[in-house]
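User: Hi! I'm new to protein structures and would like to learn how to read charged side chains. Could you walk me through this one?

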Amino acid sequence: MVLIAAAVCTKNGKVIISRQFVEMTKARIEGLLAAFPKLMTAGKQHTYVETDSVRYVYQPLEKLYMLLITTKASNILEDLETLRLFSKVIPEYCHSLEEKEILDNAFNLIFAFDEIVALGYRESVNLAQIKTFVEMDSHEEKVYQAVRQTQEREARQKMREKAKELQRQRMESAKRGTSAGMGRSSGGFSSDGFGSSGGSMSGINAPSIEIDNKPILPKPQKPISRNALKLGGKSKDVDSFVDQLKSEGEKIVNLTPTPASSNQAVANAKAKIISDIHTESIHLKLEDKLVVRIGRDGGLQQFELSGLLTLRITDENLGRIKVQLQNDDTHGIQLQTHPNVDKELFKTRSIIGLKNPSKPFPLNTDVGVLKWRFVSLDDSAIPLTINCWPSENGEGGCDVSIEYELEALHLELQDVTIVIPLPVNVQPNVVEYHGTYNYDSRKHILQWSIPVIDGPNRMGSMEFSCSSSIPGDFFPVQATFVSKNPYVALKAKDVTLVDDESSVKFSAETLLFVDKYEIV
C-alpha cells in the first residue's frame, strides 16, 4: 500500500492534525482534505470513498474522523488494518476524543503516526511497540541520572560549607554597620509642579517617584534552624551545580515554568479586581508587590515587600487637598514621601500634603506620593507557607504531598495558582486535592488552582505520585495570587480641602500581588 497522508478531522471537515508521508505539495494535500467532507454520502455507512485518483479510508471516533488518504492501487484490506491501528493510537494519548485534547497531544500523535508509516508504507509494529518507541526509554539515560544524583549530593555538601562561610562573613559585616538601607529618591518637582520620573516599583505607572540606580545591600541573614516540616532554608546548591555543569559544556534543559504565563495570570487577576472598583474625582491606589524565596528544607531566604501610594485627581476644583492616613504598622516598614511632600506634616500627623499648600496636585495623572519597603528574614513575615514533601516510593518514583496554610489571616488571597514542575513525559496520578488542577504535558507542570484562601479556608493539600522521578524533580514550586487586602496596615482615612479643612468624597483601591513567590 502507499499511504499519502493521515489526518484527524471533525465531521464538518475541519482538519485538526494531519501528517503527510510522501512528496506532495501543500496545496495538493489541502485540496484532498477539503474534498473529503463533500464526498460523504448522507444516510449510508461506508468505511471508504474513492475519487479518480485517491481513496479515502475513514473511521468515526465520536465527533471526529480518523482519515487515511491512499492511492487507488493500494490493498483495501491492508488499508483497513492500518486504519484500525491509527484509531487505537488516538485514545492511547488522549483522555477524551475532543478537539482541544487532540491539539494538546498533537506532537505525541504525530510521533506515533511516524512509527506506523514510513515513506508511505506500513511498518510492522503493534501498539505496545509504538508506545515504547515514542517514550524512548533509555538505560544509558538512567545510568547518567544516577551518576548525576551522586555528583549533586557531593556538590551540595561543598556548597553547604561555602554557604556557612559566607553567612559568617555577612554577620561580621553586619556588626560593622553595613546592613541594608533604602535608596534615596532622586526624583523632584519641575518648576510648575510634579515632574515626570522614569522609575518606581516595577509594574506601576506612577510618574512622580523615582528610585536611583544605587545598589541596595542585602540585610545580614540570621542563622537558620533547619526544620523539615516547614519550608525555607538556604539551598542554592542545585542551582550552583547546574551552573557548574553549564560551564563545563553540558546542555541543561530548564523545566522551570516560564514567568510569562504566571505574570499573565497575575495581570488577569489584577484587572478583574480593579474592574469592580468605582472611582471618584479623587482616587487613591495602594499597591503592594511581594518577592518571596523560601527553601524547601526550612527557613526564609528572601522576603521583600515594596509598595506605592498614588493619587489621581480629575476635578480641578479639588486639586489642593490633604490626605489623612492611618498607619497601624507593627513590622517596622520603611516609609518615604515624595520630595515635594511635607515630610514633617507626615511624620507628626500622618498627613500627605504639599510643602507649598498654594499649589495643586497635577490633574488626570497617577501621582506617586508615598512609597515603602520592607525586607525581612523572619519566618513570621511569610503570608502563605507551602510545604512540598516528595518521598521515594521504592518503585523508581515518588509520592508527593503538598500543602498550604495562610499565615497572614488579615489577607484574603484570590486566584491562587501553585505550579509544581514534573519530570519529562511523566503524568502525575492525583489521588487527593482541594480546588482544581491541570496537567500541562507540554510544559511538564502540574497547576493547582484554589479560588480563595482566607481565614475560614486557610489550609489545603494535594497528594499525587509520579513514576521515574526523584525528589529534586518537583522543585522549584512557584505560586501566584492577588488580594484586595494590603500586606501593610496602611489606609486612607480622610481627604480634606486645604482652604477650609472640609472633607471631600474619595475612592480607594488596595491591591497585593506577587512578583515572585517560589520554594527552591
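Analyst: Happy to! Let's start with charge on the surface. In this predicted model, E395, D399, E432 and E463 gather in a patch of negative charge on the surface.

User: Where does E432 sit in the secondary structure?

Analyst: E432 belongs to strand β19, which covers residues 429–433.

User: Is E432 buried or partly exposed?

Analyst: E432 counts as partly exposed because its relative accessibility is 39%, and the range for that label lies between 20% and 50%.

User: Now for opposite charges. How many salt bridges are found in the whole structure?

Analyst: First the general idea: side chains of opposite charge can pair when their charged atoms come close. Here, a search of the whole structure turns up 16 salt bridges. One of them joins the side chains of E81 and R84, with an N to O distance of 2.8 Å.

User: Why are E81 and R84 separated by about one helical turn?

Analyst: Both belong to helix α2 (residues 76–93), and they are three residues apart there, so about one helical turn separates them. As for exposure, E81 is partly exposed at 40% relative accessibility, and R84 is partly exposed too, with a relative accessible area of 42%.

User: Which residue forms a salt bridge with R148?

Analyst: That partner is E152, and the closest N and O atoms of the pair are 3.1 Å apart. R148 and E152 are four residues apart in helix α6 (residues 139–175), so they too are separated by about one helical turn.

User: Are R148 and E152 buried or exposed?

Analyst: Both R148 and E152 are buried. For that label, the relative accessible area has to be under 20%.

User: Which salt bridge links distant parts of the chain?

Analyst: Look at E280 and K505, whose closest N and O atoms are 3.6 Å apart. This pair links distant parts of the chain, with the two positions 225 residues apart: E280 is in the loop between α8 (259–274) and β10 (282–294), while K505 is in the loop between β24 (490–497) and β25 (507–519). E280 is partly exposed, with a relative accessible area of 22%, whereas K505 is exposed at 62%.

User: Which residues are joined into one network by salt bridges that share partners?

Analyst: Those are E50, R55 and D79.

User: And what does the protein's secondary structure come to?

Analyst: It comes to nine helices and 25 strands. Of the protein's 520 residues, 42% count as buried.

Methods: Residues numbered from 1 in each chain as written. Predicted model: local features only at pLDDT ≥ 70, side-chain atom pairs only at ≥ 80, totals over all residues. Heavy atoms only, no water. Buried < 20%, exposed > 50% of the residue type's maximum accessible area, 1.4 Å probe, protein only. Patch = residues over 30% accessible without salt bridge, like charges linked within 9 Å, V, L, I, M, F, W, Y side chains within 5 Å. Areas by Shrake-Rupley, 256 points an atom, 1.4 Å probe, with all protein chains shown as cover. Salt bridge = Lys/Arg side-chain N within 4 Å of Asp/Glu carboxyl O. Lys, Arg positive; Asp, Glu negative; His and termini not counted. Charge placed at Lys NZ, Arg CZ, Asp CG, Glu CD.
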